[in-house]
Amino acid sequence: MTISEPSRESVSQAKQRCIEPKCGASYGLNERVYVCKSCGSLLDLELNVEQAFDANSLRSLWRERLQSLELRDRSGVWRYRELLPFANDAPIVSLNEGNTPLYDAPRCADYCALDSLLLKHQGCNPTGSFKDTGMTTAVTQARILGVRLLVCASTGNTSASLAAYAARAGLLCAIMVPEGQVSHAKLAQSLDYGAKVLEIEGNFDACMRAMRELAEDESIYLVNSINPFRIEGQKTVAAELAEQLNWQMPDHLVVPGGNLGNSSAFGKGLWELRELGLIDRLPQISVIQAEGAAPFAHLFARRASAALEENAAADFVATEHPTTLASAIKIGAPVSWQKAWRAVRQSGGCVLSVTEQQIADAKAIIGSDGVGCEPASATTVAGIKKLVAEGKIRSGQTVVAILTGHILKDPDYVTKYHLGKLFEDGEGEERRNNGSFANHPVRVKADRQSIMKVLDQLKY
Ligand code: F0G
């Protein structure tokens, strides 16, 4: 069966649909709405795929595109464009995102008491985080809409990504970040890509609130993950992962949770792959948060006990003063929690939190596999270790952890850990850093004998 590219006609059937089943209101693709005008819930993109796709033909088409020299075919997002609400002639804005590695991580597996563990490293995207896979589609949509100014609230990665893609598209952008709470490396990226950087007094949630007010202005386009076009790009990572695994899904997929766009995107992506017959089962999607910024984990725990006690369902309560050194996920009021809840429930996964020490140690272990990541990503390995200890993951099961950001995104954190000074500023749950896997630098005189004395003591 040959597959024709998504045409303007087929794409024009797609809609933005309210996720609340009792409402179900729909909006055209080019209506600038972020939440449902009737009930305020989030929106999903619903593709009306007229053509019955044949799974094998799709798989071969996607594989063949890797031979092409065209960016549209080589991008790890646009390569899967049959899954996206864009016509074939869409004016795409791409930095060749996606195509990220899937690493075998034996030391992480040992640490978690698993037979094996795979790490999908989304930090290997053009701006060093998973945000690029959604930014390419959101900024492309902005171009289609003829928007002049793009904005986002961010803990640093969304902003770096937006700044790069807006620069690429020749569009203006402004980013709002919580003053003094974003790593220097991330801020440096946004400055270099030419974004207008607004440092806001308050935390990420305050930035997000201000941003949502601002987005009521028609001339401004908001590209946080509340924007469903972001989720569409991010969901293609599910297809890339499935392809890397020869379309055999793992038992568990473990994702860090902040604003909860990424877990929502995996939920949607995997669900659609199963609907299209490309995979035959969903992995259990589990979301891991940092203990001091864990409103979603609290919701999961409350709903689990409410179900046991047959009480009315517990509702979401934001964390007013979120704290964690994993600054990317220092978020108390995640905008996409309903979609992430759907992903966890549909797949039978769970949500839990891990301590600052567990995150820091897991990060060092990921480093010891030669992979490395930023702190927020290490919640996954810390969470997997906990899930194995609790018997929710068995040692022989297949597990994929999603690493979301590159190790160089937060070098201060890394050096402080290895110097045993990570918790000295008091943001963590304790002021002490056990630094169980710390790798101290040593001062040595510049002569052969002194250097050899140190080298002789090295052991693996
Ligand atoms: N990991 C990293 C490295 C992140 O930057 C983020 C979110 C997350 C995990 C959580 O993903 O929000 O989809 O649940 N960073 C956002 C930002 C909030 O502004 O860069 P999520």
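## Exercises around a ligand, three sheets and a few loops

Of the 20 residues around the ligand, those that come nearest are S154, T158, N259, L260 and T404; a residue is near a molecule if one of its heavy atoms lies within 4 Å of it. This is a predicted model, in which local features need pLDDT of at least 70 and side-chain atom pairs count only at pLDDT 80 or more, while totals for chains, interfaces and linings use all residues. Residues are numbered from 1 along each chain as its sequence is written, and side-chain values use heavy atoms, leaving out hydrogens and water.

### Exercise 1: the ligand

Find the polar atoms that lie by the ligand in N157, L260 and T404.

Solution.
- Step 1. Start at N157: an N or O atom in its side chain is 2.8 Å from an oxygen atom of the ligand. A polar contact is a pair of N or O atoms within 3.5 Å; within protein, one must be able to donate a hydrogen and the other to accept it, and residues adjacent in sequence count only if both atoms are side-chain atoms.
- Step 2. Go on to L260, where a backbone N or O atom lies 2.7 Å from an oxygen atom of the ligand.
- Step 3. At T404, look for a nitrogen atom of the ligand instead: a polar side-chain atom of T404 is 2.6 Å from it.
- Step 4. Now the cover: taken alone the ligand exposes 470 Å², and the protein buries 99% of that. These areas come from the Shrake-Rupley method with a 1.4 Å probe.

### Exercise 2: the antiparallel sheet

Work out the strand order of the open sheet that holds β1, β2 and β3.

Solution.
- Step 1. Helices (H or I, at least four residues) and strands (E, at least two) are DSSP runs, numbered from the N terminus. Two strands pair if DSSP finds at least two bridges between them.
- Step 2. Strand β1 (residues 15-18) is joined to β2 by 3 antiparallel bridges, and Q16 has Y27 of β2 as its bridge partner.
- Step 3. The order is β2-β1-β3, with antiparallel pairing. The edge strands, each pairing on one side only, are β2 (26-28) and β3 (43-46).
- Step 4. On average, neighbouring strands here are turned by 30° against each other, direction ignored. Axes are lines fitted to C-alpha atoms, for helices over the stretch in contact, and angles run from 0 to 180 degrees between N-to-C directions.
- Step 5. Finally, add helix α9 (residues 228-244), which lies across β1 and β3 at about 55° to β3.

### Exercise 3: K120

Is K120 buried or exposed, and which strands does β5 pair with?

Solution.
- Step 1. K120 lies in strand β5 and is buried, with a relative accessible area of 0%. Buried means under 20% relative accessible area, exposed over 50%, and partly exposed in between (1.4 Å probe, protein chains only).
- Step 2. Strand β4 (residues 102-104) pairs with β5 (residues 118-121) over 3 antiparallel bridges; here K120 is the partner of L102.
- Step 3. Strand β13 (residues 399-403) is joined to β5 by 4 parallel bridges, and in β13 the partner of K120 is I402.
- Step 4. The side chain of K120 makes a polar contact of 2.8 Å with the side chain of T100.
- Step 5. Leaving aside neighbours within four places in sequence, K120 is in contact (heavy atoms within 4.5 Å) with residues including V237, E240, L241 and Q244.

### Exercise 4: the parallel sheet

Place β6, β7, β8 and β9 in order, then add helices α7 and α8.

Solution.
- Step 1. Strands β6 (residues 149-153) and β7 (residues 172-178) pair in parallel over 5 bridges.
- Step 2. The open sheet runs β8-β7-β6-β9, with parallel pairing. Its edge strands are β8 (196-200) and β9 (220-222).
- Step 3. The average turn between neighbouring strands is 25°, direction ignored. Helix α7 (residues 184-192) packs on this sheet, touching β7 and β8, and makes about 140° with the direction of β8.
- Step 4. Helix α8 (residues 204-214) lies across β6, β7, β8 and β9, running at about 145° to β7.

### Exercise 5: two loop asparagines

What is the sign of phi at N96 and N99?

Solution.
- Step 1. Most residues other than glycine have a negative phi.
- Step 2. N96 has a positive phi, near 60°, and N99 also has a positive phi, of about 55°.
- Step 3. N96 sits in the loop between α3 (71-74) and β4, as does N99.
- Step 4. N96 counts as partly exposed at 35% relative accessibility; N99 is partly exposed at 36%.
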